[in-house]
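Please examine the sequence and the coordinates shown below. The explanation then proceeds from the sheet to the nonpolar core.

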Amino acid sequence: MSTELALSNGHAPAVPVAPQQPGNELIAWAESAVAANNIAQSLAKTSFVPKAFQGKPDEVTAAILAGQEMGLSPMASLRSMNVIQGTAALSAIALRGLVQSKGHEIWTEEVTATRAIVCGRRKGSEQTERVVWSMDRAQKAGFVAKNPNYKSQPQSMLLARATAECARLIAADVLMGMPYASEELADEAEPAKTRKVARKKPEPVAVPEPELEAPAPEETPAEDTEDGGPAAAEAPQWPEAAQPGGAA
């Protein structure tokens, strides 16, 4: 009766809301993981994902889920995320974008080949944070010796360091899932060691000794007979029955 009355008055009947169970959030996350993996199986086969994720659906799934927690779409997560020596991180520009998407302010005051200054202000606050990253600071930290990008593109590296540090100062809650920039992890990573391959010394090749020719036999001079002539050749020994003139 109450339902009919509610419908007649133009109001939808009240639907009781089940209380939130402690395991509901985990179940929802697991369902999201299954859906993300289904997407990853197809994406990993394409060239639309970065090379580091191609052919690795499990890595793609993890990147999608991590980005989802920070409000990034699947494709944005894959484009913005890098894995540095086993640790996932977002690029500095992605950190800046996340901070700005939540209404916080972050801007560049100065950037040169020797210094970068980035400022930021949290939404609703009047306090401004100012971060300075200079080449001297990077040199003292040992980053210049480890990372050759400080010599090839110093402006980009200094700006990335200043941006990431400022983003954490004004919006740490936005970056809880991935607080460090991939450029920062690259600075801390140990350079890859060059593997030296020991070359085997070539084994000596046995060279055959030249064969010596046997000396020619010496000729024995013929003995002279009593009359001074050369000795006659020894007559063959015929069998007695076969001697010429012998008895048959």
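**Sheet and core**

Three strands form an open sheet in the order S3-S4-S5, with antiparallel pairing; strands here are DSSP runs (E, at least two residues), numbered from the N terminus, and two of them pair if DSSP finds at least two bridges between them. Strand S3 (105-111) and S5 are the edge strands, each pairing on one side only. On average, neighbouring strands of this sheet are turned by 20° against each other, direction ignored, with axes taken as lines fitted to C-alpha atoms and angles running from 0 to 180 degrees between N-to-C directions. The model is predicted, so local features need pLDDT of at least 70 and side-chain atom pairs count only at pLDDT 80 or more, while totals for chains, interfaces and linings use all residues. Residues are numbered from 1 along each chain as its sequence is written, and side-chain values use heavy atoms, leaving out hydrogens and water.

Seven antiparallel bridges join strand S4 (residues 115-121) to strand S5 (residues 128-134). Among the bridge partners, arginine 121 is matched with threonine 128 of S5, and glycine 120 with glutamate 129 of S5. Six residues lie between the strands of this hairpin, where glycine 124 takes a positive phi near 85°.

The largest nonpolar core (buried Ala, Val, Leu, Ile, Met, Phe, Trp, Tyr and Cys residues joined through side-chain atoms within 4.5 Å; buried means under 20% relative accessible area with a 1.4 Å probe, protein chains only) has 46 residues. Its largest share, eight residues, comes from helix H9 (residues 154-170), helices being DSSP runs (H or I) of at least four residues. Leu175 is among the residues with the most contacts inside this core. Not counting residues up to four places away in sequence, leucine 175 touches Leu95, Leu98, Val99, Ala167 and Arg168, where contact means heavy atoms within 4.5 Å.

Notes
Buried means under 20% relative accessible area, exposed over 50%, partly exposed in between (1.4 Å probe, protein chains only).
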